[in-house]
Each structure stands twice: as structure tokens, then as C-alpha cells.
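I opened this notebook page to keep a record of what I looked up, entry by entry, and of what came back.

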Amino acid sequence: MSISGLFQFPASLTRLCTVPRGLGLWEKLTLLSPGIAATVVQMAGKKDCPALLPLDENELEEQFVKGHGPGGQATNKTSNCVVLKHIPSGIVVKCHQTRSVDHNRKLARKILQEKVDVFYNGENSPIYKEKREAAKKKQDRKKRAKETLEKKKLLKQLWESSKNSTEKVITDSS
């Protein structure tokens, strides 16, 4: 008997759907089965999607201002730069990463949400922890690169000194 024959499903359950990788067969079946409680599934893409504080639209003040920077008339004369202010905390975010107002609005909200989370949660914020971890990794890489450079310099000095000493021995013996 083939493996596919073991898993015969009713026609109502056979449908094409995407299931996150790493799930066992039972979890995949649970996702497809109606009437069975769904299991907690991790979001695809990120290892752990941090739960940030939600933003209340009533606490936001949004403005659209003219763009700035390179791009000439296309950016300097259009009001696609989004300025978003969180009134309770006073945090202001200015986003002009794309030419699309809608995309800039989404990006500004995401950035503001992260900043508000760090403002209220401080060191306990997942964003703060990620940034601190990234800074530590960068510092470690710089330290390793510096050590490697020092080792190379030392090796070069040793090679040159041994080269010079062998030349002296050759000239002294002749």
C-alpha cells in the first residue's frame, strides 16, 4: 500500500492551501480539518513576530508634506512625505522612503509602532532587544576583524624578520 493511500480525505477537505514549513503531518491535517480546533501556527517569514503595542488612530496626527532629497521635481513638488505624530508620547516620525503615499503611510505607522513600543516598554521591548543584539554582533565582528588584522601584521613582521636574518646568514657565510 502506498503512502498516499493512507491519507484519503473526503472531497470537502481536499483543497490546495499553503501550510508553513516545519509543521508535522498531524498539524497539517489539523489545519485542513473543519470542526477541529486550530493549532497555534507560527507566522511564515519571521522566527518570532514580536507583539508590539497597537496604535490607536485617535492618538495619531498625520500630515503630508513635500518631499526632499534627490529625485528632482518628482520628489520635491509632490506631497508624499508622511509626518506621523503620536500625541500621548510626542514621538514624531517622518517617512519619505518611496514615491507612494500609501506605502509611506504604512511604513511610517510601522516605524512609529516600534518607537512607541520602545518608549513604553524600554529594555523589555522586543525591538530594543533585537537592536541591542545586532549592535553586539557588529561589535564582535569588528573585534574579530581587528584581531585578524593584528595577527596578519605580526605574521608579516615575523616573515620579514626571518627573511632578513636568513639574508644576513647567507652574506656572513660567503
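The entries below deal with the sheet, then the helix on it, then the aromatic rings.

Entry 1, the sheet. I noted before anything else that I am working with a predicted model. I looked up how the strands are arranged, and I found 3 strands forming an open sheet in the order 1-2-3, with antiparallel pairing. The edges are taken by strand 1 (60-65) and strand 3 (91-95), each of which pairs on one side only. I then looked up the twist, and neighbouring strands of this sheet are turned against each other by 15° on average, with direction ignored.

Entry 2, the helix on the sheet. I asked which strands helix 4 touches. Helix 4, residues 101-121, packs on the sheet and touches strand 1, strand 2 and strand 3, while its direction makes about 150° with that of strand 3.

Entry 3, strands 1 and 2. I went back to this pair and found that strand 1 is joined to strand 2 (residues 81-86) by 6 bridges, the two strands running antiparallel. Within the pairing, I located V65 opposite C81 in strand 2.

Entry 4, aromatic rings. I searched the whole structure for aromatic pairs, and the search returned 1. The pair consists of F119 and Y120, and I recorded it as edge-to-face, with 5.1 Å centre to centre and 80° between the planes. The angle is over the 60 degrees required, so the label edge-to-face applies.

Entry 5, exposure of the two rings' residues. Are F119 and Y120 buried or exposed? F119 is partly exposed, at a relative accessible area of 47%, and Y120 is also partly exposed, at 44%.

Note on methods. Residues are numbered from 1 along each chain as its sequence is written. This is a predicted model: local features need pLDDT of at least 70, side-chain atom pairs count only at pLDDT 80 or more; totals for chains, interfaces and linings use all residues. Side-chain values use heavy atoms; hydrogens and water are left out. Two strands pair if DSSP finds at least two bridges between them. Helices (H or I, at least four residues) and strands (E, at least two) are DSSP runs, numbered from the N terminus. Axes are lines fitted to C-alpha atoms, for helices over the stretch in contact, and angles run from 0 to 180 degrees between N-to-C directions. Contact means heavy atoms within 4.5 Å. Rings of Phe, Tyr and Trp (its six-membered ring) pair if their centres lie within 6.5 Å; planes under 30 degrees apart count as stacked, over 60 as edge-to-face and the rest as tilted. Buried means under 20% relative accessible area, exposed over 50%, partly exposed in between (1.4 Å probe, protein chains only).
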